[in-house]
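This report goes through a structure from single residues to whole chains. The sequence and coordinates come first, and the text follows them.

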Protein chains: 2
Amino acid sequence: MKLDDLDTPALLLDLEAMERNLAKMAAFFAQGPTRLRPHYKNHKSPVLARRQIDAGAIGMTCATLSEAEALVSNGITDILLSTELAGEPKIRRFVDLARLGELKAIVDNAKGAAALGVEARARGQAPQVLVNINVGQNRTGITPGEPAAELAQRARAEGLNVHGLMGYEGHLGHLPDGPDKERAYGEAMRTLMDSRSLVEARGIPVEIVSAGGTGTYRLSSRFPQITESQAGSYLLMDTNYASTCTDFDKALTVLATVISKTGEERLVVDAGLKSISGELGMPVLKSRDGLHLRKLNAEHGVIDIVGPHASLDVGDRIEIWVQYSDATVNLHDCMYGIRNGKVEEVFTLHG
Amino acid sequence: MKLDDLDTPALLLDLEAMERNLAKMAAFFAQGPTRLRPHYKNHKSPVLARRQIDAGAIGMTCATLSEAEALVSNGITDILLSTELAGEPKIRRFVDLARLGELKAIVDNAKGAAALGVEARARGQAPQVLVNINVGQNRTGITPGEPAAELAQRARAEGLNVHGLMGYEGHLGHLPDGPDKERAYGEAMRTLMDSRSLVEARGIPVEIVSAGGTGTYRLSSRFPQITESQAGSYLLMDTNYASTCTDFDKALTVLATVISKTGEERLVVDAGLKSISGELGMPVLKSRDGLHLRKLNAEHGVIDIVGPHASLDVGDRIEIWVQYSDATVNLHDCMYGIRNGKVEEVFTLHG
């Protein structure tokens, strides 16, 4: 299928860049001891998840139950659900799903652990859980140290199968590489390891320690006690991550069509914030000197003509780098895999 | 169905507020001469579109071909597509669809008009078009005056059925009411009417003049030559519009569940920017003193506890006002119609 036959806006994946990213990260984690359990929320493609597993990943991390359900229905069943469960509907869905595979939930408070325990016991199950510890992101996660150990013990008393700990240092992922980042990372991980010791001191073996994202993946080798990394953004690489993490190649764009050119000041394309996210910053054009994407309306992208530029007119195509892959993938039903200017694969997105 | 049975995040529509908005806007346009052709992009529900038509709307305005296709397949066929068509795939889809109803496209440049004309002639059709004129928004739209009249003539020469003009004053919708807004509105509409005279002077009757949104609907009565208004946001009303347009009631929230509370500083809910848009600004909580929604991550909303507040814990529900309805509706597959605390209807969203 030719690229010209695609209607726009369309989400494009550069297959060669993606494959380089896949191989590079797989080679890093093949050294061990930490293994890779990449985040599914970044691409939402069961086919790409399977390729990550074929390249050595031990399973997937999911942000939502819908994502976990999509993976299970595609035969991928070793899953860490990295968002706390709350509310009866979700807890019921999780316990249902956990019968089908090696699902691991996280808990960061006694009330959540108790609610999960009640449902699980009523169904004769003992779901695997990790205790989520706040290592400095100040979002979710229980206070490290004794409160974390206490929660591990309570979760076990609720009949949950406490398998280990999660400590996601999301506040560090986008810092530039250097001593400041290394110091902050060391502090966060020592906090996690101290909690690990306290949990084990209560007779609860810690088999899993999950931490890390694309922005800190290399530092994980300094803490061999980290058993798995959640890094996921490396595969598609958006411009947001690429600004601080240069190890991987940007692979994701939105293809748009010029729909309006009424003078020499601007072009308007058919990709707006309903097809490319501006939540974390303005996306930029892939390779168009003299043009500047200034504004995203719902269905329009407004491009200022700011200097000498390749002549573009109504009907011509233009690619825009995805600035934030998680939120942009979420706006599409499929992603087109491109090689040598042709559509080689269509990845349907689920979850 | 009880609200408690809904899983979260869920998009909720207050049916009574929506019905008041529907009736109020219908009463305004029932006076004429301008009629209402509301924008579908705001709610994406064919059922709500049908209610707008039953209340007097003459048809619908759509932002995308997918939206128009969704309406046609639900039996609503009098549609203005308010975004220029470009590229073969879209032009082909439009000409296919135009056989099934009273579809109107817009053109703002000669190249686009020619491309549509070629395809239409090859299929033995003469699609209806409006000439889109830039009345000050500086996004799309041809220069008013002679360039607009010239384009109308060229479009007719291409075999297109030129029915009138569109001049969307989107730059004025969010200005506060008052003399400055009225003056700017008057200038924009006089520009449009001057172009209208020039088009008619070339022997092309102008049957349709489409202008206006929710933020300027009342001013349209000053220009009886405006035959139809595109106002659409009035139905669901988000907090973005409500800040300047107080005639309608906010009707749209996202229901979220508290998933984490690990101290007295914050709560975290399961609604992030994948379920409620922050593209135009941060949404606010519906009715929770002492709580402040500070941040949206992909799947997390972080709420700071800033003062005395109703006791909320893990598993409790909270509603967040939608800040930008277009982009938020786009993140959901359905919208739950609520009356007296119960789910009365489920609106599936299409397009």
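Is Glu150(A) buried, partly exposed or exposed? Glu150(A) counts as partly exposed, because 17 other C-beta atoms lie within 10 Å. The scale behind this calls a residue buried if 20 or more other C-beta atoms lie within 10 Å of its own, exposed if 12 or fewer, and partly exposed in between, with C-beta atoms placed from the backbone.

This is a predicted model, in which local features need pLDDT of at least 70 and side-chain atom pairs count only at pLDDT 80 or more, while totals for chains, interfaces and linings use all residues. Residues are numbered from 1 along each chain as its sequence is written, and chains are lettered from A and ligands numbered from 1 in the order in which they are written.

**Around Glu150(A) and strand β5(A)**

Glu150(A) is part of helix α6 (residues 146-157) of chain A. Helices (H or I, at least four residues) and strands (E, at least two) are DSSP runs, numbered from the N terminus. Between the C-alpha atoms of Glu150(A) and Ile106(A) the distance is 15 Å, with 44 residues separating them along the chain. Strand β5 (residues 102-107) of chain A has five of its six residues buried, so it is largely enclosed by the rest of the structure. Its pairing with strand β4 (residues 78-81) of chain A is parallel, over three bridges; two strands pair if DSSP finds at least two bridges between them. In this pairing Leu103(A) of β5(A) stands opposite Ile79(A).

**The sheet and helix α2 in chain B**

In chain B, eight strands make an open sheet with parallel pairing, ordered β2-β9-β8-β7-β6-β5-β4-β3. At its edges stand β2 (35-36) and β3 of chain B, each with a single partner strand, so one side of each has no neighbour in the sheet. The partner of β2(B) is strand β9 (residues 228-229) of chain B, joined in the parallel sense over two bridges. There, Leu36(B) has Ser229(B) in β9(B) as its bridge partner.

Helix α2 (residues 46-54) of chain B has Pro46(B), Leu48(B), Ala49(B) and Gln52(B) as its buried residues. Down the axis of α2(B) these fall within an arc of 160 degrees, so they line one face of the helix; the arc is that of the directions from the helix axis to the C-beta atoms. Their cover includes α1 (15-30), β3 (60-62), α3 (65-72) and β16 (342-348) of chain B. After α2(B) comes Gly56(B), with a positive phi near 125 degrees.

**Backbone exceptions in chain B**

Most residues other than glycine have a negative phi, and most peptide bonds are trans. The table lists residues of chain B that depart from this.

| Residue or bond | Feature | Angle |
|---|---|---|
| Thr8(B) to Pro9(B) | cis peptide bond | omega near -5 degrees |
| Gly32(B) to Pro33(B) | cis peptide bond | omega about -5 degrees |
| Lys44(B) | positive phi, not a glycine | phi about 60 degrees |
| Met237(B) | positive phi, not a glycine | phi about 45 degrees |

Pro9(B) is in the segment before β1 (10-14) of chain B, and Pro33(B) is in the loop between α1 and β2 of chain B. Lys44(B), in the loop between β2 and α2 of chain B, counts as buried with 27 C-beta neighbours inside 10 Å. Met237(B), in the loop between β9 and α8 (239-242) of chain B, is buried too, with 26 other C-beta atoms within 10 Å.

**Domains and the two chains**

An automatic or database domain assignment divides chain A into domain 1 (3-10 + 246-348) and domain 2 (15-235). Their C-alpha centres are 33 Å apart. Contact (C-beta atoms, placed from the backbone, within 7 Å) links 14 residues of domain 1 of chain A with 16 residues of domain 2 of chain A. On the domain 1 side, β15(A) supplies the largest share, four residues.

Between the chains, 46 residues of chain A are in contact with 46 residues of chain B. On the chain A side β10(A) gives the most, with four residues. The copies meet through the same surface, because 100% of the interface residues of chain A are also interface residues in chain B.

A turn of 180 degrees and a shift of 0.0 Å along the axis lays chain A on chain B with an RMSD of 0.0 Å, by least squares on the C-alpha atoms of residues with pLDDT of at least 70 in both. The two copies are thus related as by a two-fold rotation axis.

Terms used
Contact = placed C-beta atoms within 7 Å.
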